[in-house]
Structure formats: structure tokens, C-alpha cells
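I am opening a fresh page of my notebook to record, entry by entry, what I look up in this structure. I will keep the notes plain enough to be followed with the structure alongside.

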Amino acid sequence: MKTFKSLLTVAALAAAVAAPAKTINLLNVSYDPTRELYKEVNAAFIKQWEAKNPGNKLNIQQSHGGSGKQARAVIDGLQADVVTLALHYDVDVLHSVAKLIPKDWDKKLAHNSAPYTSTIVFLVRKGNPKKVKDWNDLVKPGVSVITPNPKTSGGARWNYLAAWGYALRQPGGNEAKAREFVKKLYKNVPVLDAGARGSTTTFVQRGIGDVFLSWENEAYLAINELGKDKFEIIYPSVSILAEPSVALVDKNAKRRGTQAVATEYLKFLYTEQGQEIAAANYYRPRSAAALAKHKQYFPALELFTIDEVFGGWAKAQKIHFDDGGEFDKIYAR
Amino acid sequence: MKTNTVKKHLKWVGLGVLVAGATGALAQTEDSLQARLDELDQKIRVIERLNELAAEEAKAAAAKSPKVSADDRGLGLSSADGSFALKYRGFTQFSTAHLFGKSGTSSTTASPNVTTSVEPTLNDNYTIRRLQSDITGTAYKNFEWRTHIDFAGGSASLLDVNLDWKIQPELNLRVGKFKPPTGLERLISSPRAPFIEGSFVTLLQPNRDIGAQLFGAFGKGIVEYQAGIFNGARDGQNNTGDNNNEKDFYGRLFSHPFVGKGEWLEGLGLGISGSTGKQAQYNNVATTATVVTATSGSANTPGTGNPAVITTTAAVSNGIASYSTGRQGFFSYAANDTSVGTVSRYSPQAYYYAGPLGIIAEYTATTQNIRRAAFEQEITNSAWALTASWFITGEKNSYKGIKVKKANTFPKIDGLGGLEVLGRVHGLKIDDKAFAPLNTADLRVTYADAAKQASEVLGYGLALGWYVNNTVKIFASYEQVDFAGGTGTSATATAAPIVTDRESEKVLSLSFNVAY
């Protein structure tokens, strides 16, 4: 019996030597405000994956920055296994410019590969001293508005388009009036940061501006971090439905041998656990159960989509944000 | 009475109105001032934030800009991500040697068949020993190239010209001309060479060769390897081309068994290298030798006659390596000897670096068959060396390079620089068979004449290296080399040679080195 046990031990050791533990490294290239979200997602997914794959180790690294800049970095060679960016267009360029992902990448996962949504709200200082209630208050003289640069920030593009869409939807609204409205709004913007996190710093840490056009989740984080006695959230009459997109960067993942884990990682975002984490980080979940659980943070709001108002991201990008587009004309100083 | 009371009340009312009016105006002014202050405060904050963003942008832009560097490691240009780079380095060494006690004359031929040799004449000298230009480059991150040229002596000599493909740490490819994997002292960079002259071990190892080599490291240097195929070069020599299809194979394994185990253990390195190859080009028989025809029998026929006897070793080249202390040649084969068959070498080697201490120890043996006409013998020559050094100024000793703690950069003097004390013992032994008569009928017939060629050398010396800073090094050494044999009266057909030891070579060397 003793001999048998010894043999078993030797065999187990031999097996361990023959099949050494594997360490897999994933890189998730994301946009500015998702740091906290993916910190939690990663911890939960690693725990789940390592439990399913005993003896193996998974490391997930995060990279954050302005969404457009992040997409450019991946095109320029940043070895992302997955991207989780602020908007569909920034993911799409990975196909149109670099062929790193297939054309139908957004069909690989549910909800056009957008596992959670968000919207744009106003973060104002406690007491709302400038009485900002809706988009039209942002163009009043003396109201200082903080929003990032739409040329580099996905969040900023949502802000811009939300304002444009609001103006179009006003009685007698048309493209010219919308252009004029957005132009007036940007005249009230004293600082254009490269990304949403930079704008949060400008508004929250540096105390600049009266209203911050913010991702809904970013607004809640600011309040949680600095206290309800300092800021409050204002929901405008209408806003835009922001659908941050995720995708497997097929070419990189294939080369790095991480396809299976990376795909599993993205699918995890759609699980109840993933949705619960998203909701807890103030992203509007697709899951009805998670939404119901956190409904106090997500008041009902009239939301319009990019497709409805601008005919999709590609068209909106070309008209408004490409070099020489509407934004360049509006912001030329 | 009533009138007075009314007047009194009116006064108070008037005063109250005035005070209220003044207070209201004051409050209005305060609000206005506060608003003005808030506005100014915002303007200042905006300016500060814009400056902050501008600084961030400048930093980000700088990170993307090509980098230019000029420091004690050379001049460099590189792209922001380091994928493309160009680096220029140089090494200049001026040296002088003063020899003590040498006053002999040149070798003399006394008669056709009997030679008496005396001590060689050696001169003090000043030498531009090295004038090296080293240009390295990186392309697409994983490709590196090097062009290393020495202009000392007035002409350009290509030392290293190679291309590396860095596939991964465990597997890399190098092609071109470079040092094949041999011994520690041979592979050390010129500025880090312990003494001006290499130890005797390097005499038995080829210098540079042309070929291809795979190399890499596992486990952060726990195991390093090199394996290559080369044209083939003689002991201590450079290969400049090939005239045959035979190639030499080299291999080297080196281990740092205690990587990550602390300063006192991780500096231990142990290794072994070896090579084997059959080189027809070694068999070039010299045309300048004077051959004295045998006095009896048929020349060059073993057992039936007497192989030719060579009467001079001057200005001959038989394609086999000869050995020198750097000041005087002490061994060479006779001019019509040739190397045949396989030449093989092996070199066990070790170093130990811990704090200011550094020790290098290695051994090399070269085995080759030497032929005189139809007589052929396997000859194994061997050498060893032990070099130790200590930085009395506390610098961390290293095989790869030294970083001076407190550099002396005239006119600014932060410190003395680095002072290194060195000691070396090394020896080389020629196989006894090289001096044994090939034909008992004529004792003159040997591969080497013991009255002219030393059979063994032993060198020992001390040195002081002053690293003035990371660029300039001044070096002084005193070394003595003792010889076994090397002078005397050559053998006659029937009488063995009368062999005496050459006078010991005592040399004081100085060098001034600039490496950047």
C-alpha cells in the first residue's frame, strides 16, 4: 500500500511536471471612465476562470484613455486582446482601418456587442447655482460648461450629439439652428480635455465650470467620491442613448493564443454577474433583473439613438468629427 | 409737545431709512464684488488648468519624439518607441611597454645544420593599440546590426560586422563576422579586458570568424547557450575568408545557477565551450622557408630516409598558429609542418562577481594533428589563466562593465573615480611531442626546435586600473613571464639540443583608454 501511494505521488508529480501551469495574459483596452467597472469585472472573471481551470493563472491588464486615442493605439500596434470602447465607431475603425477585427464584429455578441448602456447627464455644483435644468440653459451667457474634446473622446462625441439632437427636436429645429446652438454651447466651454476622466478632474478637482456634461456613471462616481453635499445630478428633458461597444481583437488574440479566454471574458459581461457589476458601477444593464435592482439610479428618461437622429455612427463621424467636419467649423477660434 | 414727539419720531424714521438704504447698497456692492471675485477665480483656475494640459500634451509629445542621446555610453538616435535606433561608440587605447633586462641580439644561424640562438631583442615602444569605431543599429525592434572597425595601425580592419535577429530571449540568430563562442576573456569587450595583453588562454582560442550562430538564454540567464557554424580560424587568429567547404562547429553553455539568490551567489557563472573542424586551409606550406635536403636516404619518406630539416623560422607561414607573449614569439612549428585532420578545442570556464570582487578562471586545450612529410602526431597544447580584481573604491565589479561611483570629471571633481587592483597568473604548455624527434636516426627532425621554441610559459603580474570616470581609464601593470626552454644550441643528427631557458620577460605597461 505504501509503495502504491509512493507511486501515485511520483505519478502526480510527473504529471505536474509534464503539464506545467499556464499563465495567460489578457489586455483590455478601454476608455476613460471604465477603470472601476473593469477592475471589478476582471476580479470576478479571473476568480471564475481560475476555478474552472485549476493550476492555471489569468492576468488581465487594463488600459484607459480617450476612446478615439485608444482605438488609434490599437491600430498602431497596442496588443489588445479585447477592446471595450465608448462608441461603435471607435471599434469599427479597427476593421475599416487595420482589419484587426471582422466586418461583422458587432454581430458576434448580443445587443450589437454593447453589453450595457449609459447616457449623458449634467453634473452641477450643490444647489445648482446657475439653475441649469436643460440643454438650453447651457448656452446662456455666464454658464461655464465642461466637456472633453470630441476629436479624442468618445464621451465628448456623445455630449456633442446629444446637444445637437436636442436642438433638432425643438420646435422649428433644423440643422442650421442645431449648428448655432452647439456653437453657442462650445463658446461656453473654457477647457477641452482629451478624455472624460480629464474633464472630471477639471470640473471636480480643479473647481472649474458650472456644469459638467458627464456619463451618467461618471457623475455618480464623482458624487460618491466627493460627497453629496458638493454635487448633484440634473437629468435633462431628453438625452442620447450611449451604447459602448466591446469586441474581440481577433488578429491579436489569435497571435497571442488568447481567443478562447478573451471571448469568454466578453461573454461574461452579459451574464447576470457581469450585468450586476455593470449596474453597481452605474452603467445601465441590459438585464431586466439587474436594472430592477438598481432602478433608483436610472430614472426613466427620453433617450434618442444615433441611428434615429444621425443615421448611424459612420455618418455622424464623417459629418461632425472628421477633419474639416462640423466640430472643426464650430470650434475654430 | 406732540409736534416735538412727531419730529423726534420722524428723525428716527429718517435715520432708519438712511441706514437701510446704505445697508442695501452695501450688500449689493458686496454681491457684486463676490461675483467679480468668483469670475476672476474661475479665470485663474482655467488658466492654470490650460497650463496643466499644455504641460501634459508637451510631455506626451516628447514621449513620441525621436530621442537623441550623448553620454558616456556613446552617441545615440532612436525612435520614440525604440524600434529604430543608431548608436555610435568608440574605443581608443594608447599603450606603452618598458622591458627590463633584455639585451640580446637576433637569432643567428651558425652553420648549415647547427643553429645557436640567443635571446631575442625586444624594444620599448609606444603604440596606438586600438582605435575602434563601433556603430550599432536597430531596425523594426527585433533586428540589430553592428559594424565594428579598428583603425589602429593605419588601415581599417573589420572586427565585427554582424546582423542579429532577436526572435525571442530563448532563440536569436546572428550572422556575419564576430567572436565565436569560446572563452570568457576572449568574449569580454575590449574596454573591460583585465590586462593590456590577453592571457595565454586566448592564444589557443580563435579570435573572430565568419559564420552563423544561434544563441539565447533561459530562466533569466540560469542557462545561456551559443551554437554556430563558422569558416574556421586558427588559434588566436581572425578568419577573413574561406577556401574550402570544411566548416568549424562551435558550442558554448554557460550557467548562472544562483540567479536571484542574492548578491553573494548570483554572480557565479560556470560554463564550457568547445569547437571542432577540419580545415584544409591550415595546410598551406610556406614558400619562404629554406629547406636543407636530407643528408642520407630519401627525403620525406618515413623509415627510409630523413625528412627535410628546416633551418630557419624567420618570415615563414605554415598556416599553423604560433604563440607570442605580445612582445616576443615563444613558439612556432617548423615551416614545412602542417596541420591535418580535425582541430578541436574545449574550454571549461568560470567567473565570480560579488560586490567589488571579480574572478575569472578558464582553461583551454587545442588538439590537432601535425604532419611533417609522412610523419604525423596528435599534439595537444593547453593554457590556463586565473585573474582576480578588486575595486578598492567600492564599485560593483562586473564582467560586462563598470559604473564608477564618484566620477572624476575635470574640472568638476566629485570623487577619485574607481580604483581597481588586479592580479593574474597564467600559463601555457606545449605538448612534449612537439619537441620529440620524429626519426631516431636524425635528432634534428622535430616539429619544433627546443633550442628556439619555449615549451612552457608562466606569467604572473599585478595591475592598477584607474577609472577616472566612466569614459577614461588609466592602467598600469607589471608582469613577468618565465620560459621553459626557448634558447640554446639546436640538435645535431646525433646529439640532442642543449636547451636553456629564455630570460624572463619583465614588462611595465601603461595604457590610456577612452571608451564612450
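**Entry 1: a parallel pair in chain A.** I began with A:Asn25 and looked for its bridge partner in β2(A), which turned out to be A:Asn59. I keep in mind that I am reading a predicted model. Widening the view from that one pair, I noted that strand β1 of chain A, residues 23-30, pairs with β2(A) in the parallel sense, and that seven bridges hold the count for this pairing.

**Entry 2: the sheet around that pair.** Next I asked in what order the strands of this open sheet are arranged. I wrote down four strands in the order β2-β1-β3-β9 of chain A, with mixed pairing. In chain A, β2 (57-63) and β9 (245-248) stand at the edges with a single partner strand each, so one side of each is left without a neighbour in the sheet. I also looked up how neighbouring strands of this sheet are turned against each other, and the average, with direction ignored, is 20 degrees. As a reminder to myself, side chains in a regular strand alternate between the two faces of the sheet.

**Entry 3: two helices in chain A.** Before looking at the helices I reminded myself that two packed helices are described by the angle between their axes and the distance between the axes. For helix α8 (residues 196-205) and helix α9 (residues 216-226) of chain A, I found that the axes come within 11 Å and cross at roughly 40 degrees. That angle makes α8(A) oblique to α9(A), and I recorded the crossing of the two as right-handed.

**Entry 4: following strands through chain B.** I then turned to chain B and went from strand to strand. Strand β7 (residues 143-150) and strand β8 (residues 157-168) of chain B pair in the antiparallel sense over eight bridges, and B:Thr147 stands opposite B:Val161 in β8(B). These two strands form a hairpin with six residues between them, where B:Gly153 takes a positive phi near 90 degrees.

From β8(B) I moved on to β9(B), with which it pairs in the antiparallel sense over seven bridges. How many residues lie between the strands of the hairpin that β8(B) and β9(B) form? I counted two residues between them, and I noted B:Lys166 opposite B:Asn172 in β9(B).

Strand β9 of chain B (residues 171-178) is in turn joined by seven bridges to strand β10 of chain B (residues 209-218), and the two run antiparallel. Here I looked up B:Val175, whose bridge partner in β10(B) is B:Ala212. Eight bridges then join β10(B) to strand β11 of chain B (residues 223-230), again antiparallel, with B:Gln213 opposite B:Gly228 in β11(B). β10(B) and β11(B) form a hairpin with four residues between them, and B:Gly219 in the turn has a positive phi of about 60 degrees.

**Entry 5: cavities.** Last, I searched the whole structure for cavities of 30 Å³ or more and found five. The largest has a volume of about 100 Å³. Which residues of its lining lie nearest its centre? Of the 14 lining residues, these are B:Arg192, B:Pro194, B:Tyr353, B:Ile360 and B:Ser389. In chain B, β19 (357-372), β20 (375-391) and β23 (418-429) each supply at least two residues of this lining. I sorted the lining of the largest cavity by residue type and obtained eight nonpolar, three polar and three charged residues.

Notes:
Residues are numbered from 1 along each chain as its sequence is written. Chains are lettered from A and ligands numbered from 1 in the order in which they are written. This is a predicted model: local features need pLDDT of at least 70, side-chain atom pairs count only at pLDDT 80 or more; totals for chains, interfaces and linings use all residues. Side-chain values use heavy atoms; hydrogens and water are left out. On a 1 Å grid over the protein atoms alone, a cavity is a set of points where a 1.4 Å probe fits but cannot get out, and a pocket is an open set with protein on both sides within 12 Å along at least five of seven lines; lining residues have an atom within 4 Å of a point. Grid points are joined across faces, edges and corners, and a volume is the space filled by probe spheres set on the points. Ala, Val, Leu, Ile, Met, Phe, Trp, Tyr, Cys and Pro count as nonpolar, Asp, Glu, Lys and Arg as charged, and the others, Gly among them, as polar. Two strands pair if DSSP finds at least two bridges between them. Axes are lines fitted to C-alpha atoms, for helices over the stretch in contact, and angles run from 0 to 180 degrees between N-to-C directions. Angles under 35 degrees count as roughly parallel, over 145 as roughly antiparallel, 65 to 115 as roughly perpendicular and the rest as oblique. A crossing is left-handed if the near helix is turned anticlockwise from the far one by less than a right angle, and right-handed if clockwise.
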